[in-house]
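Q: I would like to understand how a protein surrounds the molecules bound to it. Could we go through one example together?

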Amino acid sequence: MTQTSIIVTGGAGFIGANFVQQWIAHESATLINLDKLTYAGNLASLSTVESNPKYIFTHADIGDFDAVSALLAQRHPVAVVNFAAESHVDRSIHGPGEFVRTNLVGTFQLLEAVRAYWSALTVDARQRFRFLHVSTDEVYGSLQPGEAPFTERTPYAPNSPYSASKAGSDHLVRAYHHTYGLPTITTNCSNNYGPYQFPEKLIPLVILNALAGKPLPIYGDGLNVRDWLYVGDHCTAIRLALSRGRHGEVYNIGGNNERANIDVVRTICRILDELRPAASRKPYESLISFVADRPGHDRRYAIDARKSSDELGWRPAETFESGIRKTVRWYLDNQDWVQGVVSGEYRKWMEKNYGVREAT
Ligand code: NAD
Ligand code: DAU
């Protein structure tokens, strides 16, 4: 009998790598990680699983129909979990093309390959199969203070090229269920943080800039609000959605941890003051620098995760306080990983995005 397997796309990225590690630790099925290894894909994040017999890596693009079809035919997975995406809002403002290519057209090609594979399965196997699409709360647009959190029925209103491309991919997934009966599940999650996050995103960027004595750039007035979820809790929710989620359904996932950006940054500064005081003995908060805002910056995201809690039995294990402390500690303890990431490409991005942002 062949070993049961699943294919994960984008498993060398931040959430994908955390998911792969969690899967290998808790599940018996083999995991095949298909990743294009863009600037955001990092095999060093998978060093703990690379020689595990349940783990296989394939270097490919989700938009390569032939490569994906060949892998499906070879491995016969019972599920495909799609993490692969261009994920950074600021990069989507500088260059939206790659976001349309991977998030929209790439997801379309992936769906086509999966549909062809799934259509040829036995009735039983078709019934058991799952295509889980990992998406974001940003597709719902922006909330004003006091407005009710996003539910699965909130109309889509994406505001950035990133969220528009993700919204398009969500619609394709929905259509493949509705039209062809493909057993899909979509999860829409809030802001993740934790180990292995590429330091272009707010939390790791602030940790690393603070340690280097560099300015901590806060866009606009710093009062934009995000709902923060520890990455391990997101991965648990995805595993539960795979095993318990209903075909064609959408599940919102969130941490119930709404924080203004300035408060997130101050919290990180205080933890660093305690764990790794600056040589100058100045509090890290003195490095905070308000800079020009992100164009089209969404004001607030908040998630109503009751459906995930009721139907999947999911609840986050970490509070923001416990998760952020773990995260700061992880970056302090994993300087080898950090040094491998802060390469020439990263320096070019920092220059492109922040070089033109005057302090306000
Ligand atoms: P990431 O940018 O860290 O990683 C993306 C991964 O996808 C990388 O390994 C990259 O090499 C790979 N990839 C990119 N294009 C590819 C392609 N064409 N073919 C194959 N692989 C490709 O992203 P992340 O933060 O880990 O996000 C993963 C998923 O979760 C994305 O779909 C994102 O939209 C979604 N999401 C992210 C967050 C968050 O806070 N980071 C929150 C909610 C949802
Ligand atoms: O909400 C889920 C989304 O969260 C995911 O879909 C995206 O893939 C992920 O990147 C994240 O998007 P955000 O734009 O919210 O994350 P980012 O870390 O880039 O920014 C968080 C907030 O901090 C946002 O309001 C912008 C602000 N910010 C960000 C950076 C990089 C700053 O003030 N300064 C910065 O330098």
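A: One term is needed at the outset: a polar contact is a pair of N or O atoms within 3.5 Å. Please also keep in mind that this model is predicted.

Q: With that term in hand, how far is an oxygen atom of ligand 2 from the side chain of His 297?
A: An N or O atom in the side chain of His 297 is 2.7 Å from an oxygen atom of ligand 2. The pair falls within the 3.5 Å cut-off, so it counts as a polar contact.

Q: And what about the side chains of Asn 191 and Asn 261?
A: For Asn 191, a side-chain N or O atom is 2.7 Å from an oxygen atom of ligand 2. For Asn 261, the corresponding distance to an oxygen atom of ligand 2 is 2.9 Å.

Q: How much of ligand 2 does the protein bury?
A: The protein buries 95% of the 690 Å² that ligand 2 exposes when taken alone.

Q: Which residues are closest to ligand 2?
A: The shell holds 25 residues, and the closest are Asp 137, Tyr 162, Asn 191, Arg 294 and Tyr 354. By class, ten are nonpolar, eight are polar and seven are charged.

Q: Which element gives the most to that shell?
A: Strand E8 (216-219) does, with three residues. Helix H3 (89-94) and helix H7 (202-211) each supply at least two.

Q: Let us change to ligand 1. Which residues come nearest there?
A: Ligand 1 has 28 residues around it, and Ile 15, Asp 35, Ser 87, Tyr 162 and Lys 166 come nearest. Tyr 162 is also listed among the closest residues to ligand 2.

Q: What does the side chain of Tyr 162 do at ligand 1?
A: A polar side-chain atom of Tyr 162 lies 2.6 Å from an oxygen atom of ligand 1.

Q: Where does the backbone come in?
A: At Thr 38, a backbone N or O atom lies 3.0 Å from an oxygen atom of ligand 1. At Val 134, a polar backbone atom is 3.5 Å from an oxygen atom of that ligand.

Q: How much of ligand 1 is covered?
A: On its own, ligand 1 has 850 Å² of accessible area, and the protein covers 97% of it.

Q: Which helices and strands line it, and what classes of residue are present?
A: Helix H1 (14-26), strand E5 (130-136), helix H6 (161-180) and strand E7 (191-193) each supply at least two residues of the shell. The largest share, three residues, comes from E5. The shell divides into 13 nonpolar, eleven polar and four charged residues.

How values were computed
Residues numbered from 1 in each chain as written. Chains lettered and ligands numbered in written order. Predicted model: local features only at pLDDT ≥ 70, side-chain atom pairs only at ≥ 80, totals over all residues. Heavy atoms only, no water. Near = heavy atom within 4 Å. Polar contact = N/O pair within 3.5 Å; in protein donor to acceptor, adjacent residues only side chain to side chain. Areas by Shrake-Rupley, 256 points an atom, 1.4 Å probe, with all protein chains shown as cover. Helix = DSSP H or I, 4+ residues; strand = E, 2+ residues; numbered from the N terminus. Nonpolar A, V, L, I, M, F, W, Y, C, P; charged D, E, K, R; others polar.
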